[in-house]
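Please look through the sequence and the model below before reading on. The paragraphs that follow go from the overall dimensions of the chain to its elements, and then to one place on its surface.

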Amino acid sequence: SGLTGKGVLVGVVDSGVDFFHPDFRNEDGSSRILRLWDQSLDGSPPEGYTTGTEYTKEQIEEALRSKVPQEKVPSKDESGHGTFLAGLIAGNEDNETGFSGIAPNAGLIVVKLRKAKDYLKEYYCIDPKYEAYAETDIMLAVHYIDHIAEQLQRPIVIFLGIGTNLASHLGTGPLDQYLSGRAMLRGVAVVTSAGN
């Protein structure tokens, strides 16, 4: 039967998600995206946070029913990277194409990271054409996903499809320590990228 993902939540920390994509919808057209926190859009941040805009499943479904969904939920995945990874992890099973995400019935919590400020890219000698994210924003994203999973009382797989070549690579940095601590909790799995 394989892993279907029923009851499991997947938290995706990346460049966002195309919430309109059919891979993230149930057969009845409802969304499997339970929350979307776009850190890059000013507006209505999640409770306890100071930046971005949070969209609930109900708001996403209202947008899906509207003629212009982007007016109701203006979050976009400009690069497509987050949508691609969310599809690999939790995309719907398609018998015609033979495609299936790893856990096609999982609920999704997505955090679109805001891009690092230009002065940080300059300081760390990162080419401005590359996307880069601040470690603190990544940590806030993981904290947010943890909080939603705890509210819903469901197991969570937190996936970070982003990598870095900064820091010591010894697992002693703040983000390393934070992720290691999360991974030790019952009902929490943390998956990070290791390069292409």
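For a chain of 196 residues, a compact globule would be expected to have a radius of gyration near 16 Å, and because the protein chain has 17 Å, its value agrees with that expectation. The model is a predicted one, and its C-alpha atoms fill a box of roughly 50 × 40 × 35 Å when the box is taken along the principal axes. Of the 196 residues in the protein chain, 43% are buried, while the accessible surface comes to about 11400 Å², with 52% of that area belonging to carbon and sulfur atoms.

The protein chain contains six helices and six strands, and, read from the N terminus on, these elements follow the order β-β-β-α-α-α-β-α-α-β-α-β. As for how parts of the sequence meet, among the contacts with a separation of 6 or more, 67% are between residues that lie 24 or more positions apart.

On the surface, Phe84, Leu88 and Phe99 together make a nonpolar patch of about 270 Å². One of these residues, Phe84, has its place in helix α3, which covers residues 81-90. Is Phe84 to be called buried or exposed? Its relative accessibility is 52%, and since a residue is classed as exposed when this value is over 50%, Phe84 counts as exposed. Phe84 thus joins two descriptions, as a residue of helix α3 and as a member of the nonpolar patch with Leu88 and Phe99.

How values were computed: Residues are numbered from 1 along each chain as its sequence is written. This is a predicted model: local features need pLDDT of at least 70, side-chain atom pairs count only at pLDDT 80 or more; totals for chains, interfaces and linings use all residues. Side-chain values use heavy atoms; hydrogens and water are left out. Patches are made of residues with over 30% relative accessible area and no salt bridge: like charges are joined within 9 Å, nonpolar side chains (Val, Leu, Ile, Met, Phe, Trp, Tyr) within 5 Å. Accessible areas come from the Shrake-Rupley method with a 1.4 Å probe; for residues, only the protein chains shown count as cover. A salt bridge is a side-chain nitrogen of Lys or Arg within 4 Å of a carboxyl oxygen of Asp or Glu. Helices (H or I, at least four residues) and strands (E, at least two) are DSSP runs, numbered from the N terminus. Buried means under 20% relative accessible area, exposed over 50%, partly exposed in between (1.4 Å probe, protein chains only). The radius of gyration is taken over C-alpha atoms; the globule rule is 2.2 Å times the number of residues to the power 0.38. Contact means heavy atoms within 4.5 Å.
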